[in-house]
Amino acid sequence: MWKVQVKVIRLWKQYSAASGETIEMVFVDSRGDKISGTVKRELVGQFDRLLQEGETKVLINFTVTNSAGSYRTTRHPYKIVLLPTTRVRICNMLPNNISGLQPVNFQDVLNGVLDEDYLVDVIGQIVGVTQMEIVSVNGKDTQRISVELRNEKDARLPLVLWGKFAEEVSNAIQSRTDNSIVCVLRFGKIKVWKGEHSISNAYNVSTVALNPPIDEVQAFMSLLPNDELALAVLDSKSNAMVSGVKDKDDFFLHTPRKTIAQVLETKQVEKCIVMASIAAIDSDMGWYYLSCKVCAKKVLTVPDDNEDGDDFNVSGHNYYCVKCKVHNPQLLPRYKLHLVVLDSTNNTKFMLFDNLALQLLHKPCSELIGPNTDEIQDPDLFPPILNNLIGKSFLFKIGIERENYLYKHSTFKVLKIMTNIGLINEFDAIGSPTVCGSSQQAESNELTPAKRTRPAIINLEDDFDQYSVSKTACTIKVKKEKIEKSG
């Protein structure tokens, strides 16, 4: 009869058509050795309340079976399987700080010497980040962000995060107060795309923590170069793309090119590339909005209900998050810019949300707002950094929607931006835009493939269609300066 003292360092519920809903776990013992464990579908009700992540337990009377698969959480050849007669007892013998964290060497990942069937731990300082995108995965919109990590030897490792982890990292970077952000990824998946190695989260297994108060992070930070390296906002092309169409191919080959005049004449829903210069920033509605720091949704302004005699005092106000149903939530300002753009054919407005604005400005909105966050703005007052955009030319991938051509709504949402001067000049040198192929042909490049057989552990990288369309994560609004036409 087996008996072990272990700490549950990871626990999640997993569903598959073959096995139904099971409880999956990773245990570590006093020596730091790890082994995976499982509770089968018919026993979930029996053990659900007895097993919690972070707790230490004594497991008595269980069986073991061979461990296999391409998403293995430990290198142990066996895994624990709980039985109807298994007993779970409280254990006070193991130290509280035992974590089982075993970060891999960056160079081992980059050189491809590690077995990709095993999930790995990674610890590194975030030194680069792209804008957060929303991409189509099996017909559902999912957040994605790429970051660049460095280790104590200044080696760099690309990391791609999906879903809630992408949003959490994006929010943390924008509201950062520490000079260094250390990312700890547990049970990450090694990915290979066109010969380049990177790490991604295995969607329902991995965990991500930023600057967690653990001994391993303190030790790692003490070894980092003392160079006060500033975090860089990168173009997507600057990071190794684990999957998906590269930005240049997306802008040059896979998306039709249009002038502003052609955009205004379009009578169908589609996406296109426009080369345009920023002539002004429309400030009528401000240049940022306040979001809930937890869910990233825009908060509502609520006037104070203080009555003073017959006068109703509306000078004070607070905020309410509709999604979280919380009064006075933690606030995070986010960009929402309305750009007045023009080319040689016409002018119009492009709407730019937070993460794309971050790609242009290289500063989070919170740095420009300062501590006195309020949505009541003087529309004529801009931080100088915003005015610095005026006169600059970029490549914009925009979406043309029904309201644009049916209701003459002349503001178009920006989906991507190309800021690389060399590529902009190359694009300009190609000549006048031509619409490549029919709308059906253009749309065929954006179709998500039919659902395929997947492992029980969900990995969005495997399902992401390399021809699906990226959309910037939205939650913002900003406004304009009117231009008076001369003549």
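This is a short tour of a predicted model, with a suggestion at each stop for what to select.

**The whole chain**

Start by showing the protein chain as a cartoon. You will find 13 helices and 27 strands in it. Of its 487 residues, 50% count as buried. Now switch on the surface: the chain exposes about 23,800 Å², and carbon and sulfur atoms supply 48% of that area. Contacts also say something about the fold. Among those between residues at least 6 apart in sequence, 70% join residues at least 24 apart.

**The seven-stranded sheet**

Next, colour the strands β1 to β7. They make an open sheet with the order β5-β6-β3-β2-β1-β4-β7, and the pairing is mixed. Which strands are at the edges? Select 63-66 for β5 and 87-90 for β7; each of these pairs on one side only. Turn the sheet and follow its twist, which averages 40° from one strand to the next.

Strands in a sheet pair through backbone hydrogen bonds, in a parallel or an antiparallel way. For an example, select residues 3-16 (β1) and 56-60 (β4), which run antiparallel and are joined by five bridges. Within this pairing, glutamine 5 has valine 58 in β4 as its bridge partner.

Move on to the loop between β4 and β5, where you will find asparagine 61. Asparagine 61 is not a glycine, yet its phi is positive, at about 70°.

**The three-stranded sheet**

Now pick out β18, β21 and β22. These form an open sheet in the order β18-β21-β22, with antiparallel pairing. β18 (300-303) and β22 (326-327) each have a single partner strand, so one side of each is left without a neighbour in the sheet. Select residues 317-321 to see β21, which pairs with β18 over four bridges. Show side chains for leucine 300 and tyrosine 320: the leucine stands opposite the tyrosine, which belongs to β21.

**Aromatic rings**

Show Phe, Tyr and Trp side chains next. The model has six aromatic pairs. Zoom in on phenylalanine 252 and phenylalanine 427: the ring centres are 5.4 Å apart and the planes meet at 90°, so this pair is edge-to-face. Where in the chain do the two partners of this pair sit? Phenylalanine 252 is in helix α5 (residues 247-254) and phenylalanine 427 in helix α11 (residues 421-430), so select both helices; the pair links distant parts of the chain, 175 residues apart. Both phenylalanine 252 and phenylalanine 427 are buried.

A second pair to select is tryptophan 287 with tyrosine 288. Here the centres are 4.8 Å apart and the planes are at 70°, so the pair is also edge-to-face. Are these two residues buried or exposed? Both tryptophan 287 and tyrosine 288 are buried. Add Tyr335 to the selection, and you have one aromatic cluster made of Trp287, Tyr288 and Tyr335.

**Charges over rings**

Go back to phenylalanine 252 and add lysine 248, which lies over the face of that ring at 5.6 Å from the ring centre. Then select arginine 75 and tyrosine 118. The charged end of arginine 75 sits over the ring of tyrosine 118, 4.2 Å from its centre.

**Last stop: histidine 362**

Finish in the loop between α7 (354-361) and α8 (365-369), where histidine 362 is found. Histidine 362 has a positive phi, near 60°, in a residue other than glycine. Is histidine 362 buried or exposed? With a relative accessible area of 48%, histidine 362 is partly exposed.

Key
Residues are numbered from 1 along each chain as its sequence is written. This is a predicted model: local features need pLDDT of at least 70, side-chain atom pairs count only at pLDDT 80 or more; totals for chains, interfaces and linings use all residues. Side-chain values use heavy atoms; hydrogens and water are left out. Two strands pair if DSSP finds at least two bridges between them. Helices (H or I, at least four residues) and strands (E, at least two) are DSSP runs, numbered from the N terminus. Axes are lines fitted to C-alpha atoms, for helices over the stretch in contact, and angles run from 0 to 180 degrees between N-to-C directions. Buried means under 20% relative accessible area, exposed over 50%, partly exposed in between (1.4 Å probe, protein chains only). Contact means heavy atoms within 4.5 Å. Accessible areas come from the Shrake-Rupley method with a 1.4 Å probe; for residues, only the protein chains shown count as cover. Rings of Phe, Tyr and Trp (its six-membered ring) pair if their centres lie within 6.5 Å; planes under 30 degrees apart count as stacked, over 60 as edge-to-face and the rest as tilted. A charge sits over a ring if NZ of Lys or CZ of Arg is within 6 Å of the ring centre and within 35 degrees of the ring normal.
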